[in-house]
Amino acid sequence: MASIPENSDLTLMSRFRSFGGWQEVFSHKSEELQCQMNFGVYLPPQFDVNGEKLSVLYWLSGLTCTEQNFVTKAGAQQFAAKHNLIVVAPDTSPRGCNIEGEDDSYDFGSGAGFYVNATEEKWKTNYRMYAYVTQELRALVDKYFNTTGKQSIFGHSMGGHGALICALKNPGLYSSVSAFSPICNPMECQWGQKAFSGYLGSDKEAWKAYDSCELLAGYSGAPLNILVDQGKADKFLSDGQLLTDHLEKACASAGQQATVRMHDGYDHSYFFMASFMDDHIAHHATHLK
């Protein structure tokens with residue numbers, strides 16, 4: 001178990017034994033988001049606060065989710081235990097900021113932070129999920145959980161978009177990146193256009209900083225070791241929200257190797273993710289070791 005000092009930045013909210021390790025959830029006051037935030041941490045059986053340092057795998061969830069969706073549905077704990085990895089899963093947005101309209105729709109505001117740093121006046125104080133994930137949360141995890149300082153990142157849907165942009169915007173920070181059903185080209189789909197116009201304003205040049213396909217065109221870092229799994233029965237694929245083919249074309253144009261696997265019969269749900277979670281964690285374990 002983590003040894004968290006009583007006067008630390010973190011408050012333990014829950015702890016459950018799982019596959020020989022511990023699934024914990026912590027709460028803390030976020031300086032980036034100016035609100036209370038929760039995140040889940042799975043500590044494998046080998047974890048010892050004073051012993052071997054472990055690498056970290058960050059998970060970013062999709063629209064409407066909290067940290068609990070991944071913690072309770074993904075089945076990741078058994079594979080994190082097998083590969084001796086810490087797995088961290090934050091919430092998807094600020095909560096309870098008393099911003100007019102923050103709870104009006106499922107795809108914008110609460111539960112829909114889109115992993116950007118908002119620049120529009122109404123949202124810019126709180127909606128800074130990109131900085132939260134890449135800076136504040138990472139610093140907290142490294143401070144309290146005896147890490148190697150090495151990390152990888154993966155996610156689902158909006159969180160798959162988040163994982164891809166975090167890796168593309170920070171060459172060398174993440175050892176690998178993967179995604180289930182990611183929103184690959186948000187500038188070209190309804191979900192992304194709604195979020196970007198609301199958080200970033202009307203200047204589409206500013207949107208390019210948070211679009212994987214645009215970022216790939218200018219990426220000059222080391223290979224990212226990208227793995228993407230997509231269900232062919234995913235209604236959001238057929239509705240044009242995910243645009244997986246755009247990501248494949250962007251990777252090919254940029255000379256960036258990516259493994260994109262299309263799966264018959266699978267949809268957008270956690271049943272799909274749980275089916276291939278072992279593959280993703282094994283993928284990251286290879287690169288983190």
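**Exercise 1. Take stock of the fold: how many helices and strands does the protein have, and what is its radius of gyration?**

Start with the secondary structure: this predicted model has 10 helices and 9 strands. Next, look at the extent of the chain. Along the principal axes, the C-alpha atoms occupy a box of roughly 45 × 40 × 35 Å. Now compare with the globule rule: for 289 residues a compact globule would have a radius of gyration near 19 Å, and the value of 18 Å for the protein agrees with that. Finally, check the burial: 58% of the 289 residues count as buried.

**Exercise 2. Work out which strands pair with strand 4, and in which sense they run.**

Begin with the strand itself. Strand 4 covers residues 54-60, and 7 of its 7 residues are buried. Then go through its partners. Strand 6 (residues 147-156) is joined to strand 4 by 6 bridges, and the two run parallel. To find this pairing in the model, start from Trp59, whose bridge partner in strand 6 is Phe154. Strand 5 (residues 86-90) is also parallel to strand 4, with 3 bridges between them. Here a good landmark is Val56, which stands opposite Ile86.

**Exercise 3. Decide whether the two faces of strand 8 are covered or open, and identify its partners.**

First recall the geometry: side chains in a regular strand alternate between the two faces of the sheet. Now sort the residues by face. On one side are Ile226, Val228 and Gln230, on the other Leu227, Asp229 and Gly231, and all of them are buried. Both faces are therefore covered, and with 6 of its 6 residues buried, strand 8 is largely enclosed by the rest of the structure.

Next come the neighbours. Strand 7 (residues 174-180) pairs with strand 8 in the parallel sense over 4 bridges, and Ala179 stands opposite Val228. Strand 9 also runs parallel to strand 8, joined by 6 bridges. In that pairing, Gly231 has His263 as its bridge partner.

**Exercise 4. Trace the salt bridges around strands 8 and 9: which residues do they link?**

The whole structure contains 11 salt bridges, so let us pick a few.

- Step one: Lys232 and Asp264 meet in a salt bridge, 3.2 Å from N to O. This pair connects distant parts of the chain, 32 residues apart: Lys232 sits in the loop between strand 8 (226-231) and helix 8 (235-238), and Asp264 in the loop between strand 9 (258-263) and helix 10. Lys232 is partly exposed at 47% relative accessibility, while Asp264 is exposed at 59%.
- Step two: Asp279 and Arg261 form a salt bridge whose closest N and O atoms are 2.9 Å apart. Asp279 belongs to helix 10 and Arg261 to strand 9, so the pair ties together parts that are 18 residues apart in sequence. Asp279 is partly exposed, at 34%, and Arg261 is partly exposed, at 26%.
- Step three: widen the view, and Asp229, Arg261 and Asp279 turn out to be linked in a network of salt bridges.
- Step four: for another pair, look at Lys124 and Glu121, with closest N and O atoms 3.1 Å apart. Lys124 is partly exposed at 35%, whereas Glu121 is exposed at 60%.

**Exercise 5. Describe helix 10: where does it bend, and which residue caps its N-terminal end?**

Start at the N-terminal end. Ser269 is the cap, with a side-chain oxygen 3.2 Å from the backbone nitrogen of Phe271. Follow the helix along residues 270-288 and you reach a bend of about 55 degrees at Phe276. Phe276 is itself one of the buried residues of helix 10, which also include Tyr270, Met273, His280, His284 and Leu288.

**Exercise 6. Explain why Cys97 and Cys184 are not in disulfides.**

Apply the cut-off: a disulfide needs two cysteine sulfur atoms within 2.5 Å. For Cys97, the closest cysteine sulfur is that of Cys35, at 4.3 Å, which is too far for a bond. For Cys184, the closest is in Cys213, at 6.3 Å, again too far. Both residues are buried: Cys97 has a relative accessibility of 16% and Cys184 one of 0%. The count for the structure comes to 0 disulfides.

Definitions and conventions. Residues are numbered from 1 along each chain as its sequence is written. This is a predicted model: local features need pLDDT of at least 70, side-chain atom pairs count only at pLDDT 80 or more; totals for chains, interfaces and linings use all residues. Side-chain values use heavy atoms; hydrogens and water are left out. The bend at a residue is the angle between axes fitted to the seven residues ending there and the seven starting there. Buried means under 20% relative accessible area, exposed over 50%, partly exposed in between (1.4 Å probe, protein chains only). A polar contact is a pair of N or O atoms within 3.5 Å; within protein, one must be able to donate a hydrogen and the other to accept it, and residues adjacent in sequence count only if both atoms are side-chain atoms. A salt bridge is a side-chain nitrogen of Lys or Arg within 4 Å of a carboxyl oxygen of Asp or Glu. Two strands pair if DSSP finds at least two bridges between them. The radius of gyration is taken over C-alpha atoms; the globule rule is 2.2 Å times the number of residues to the power 0.38.
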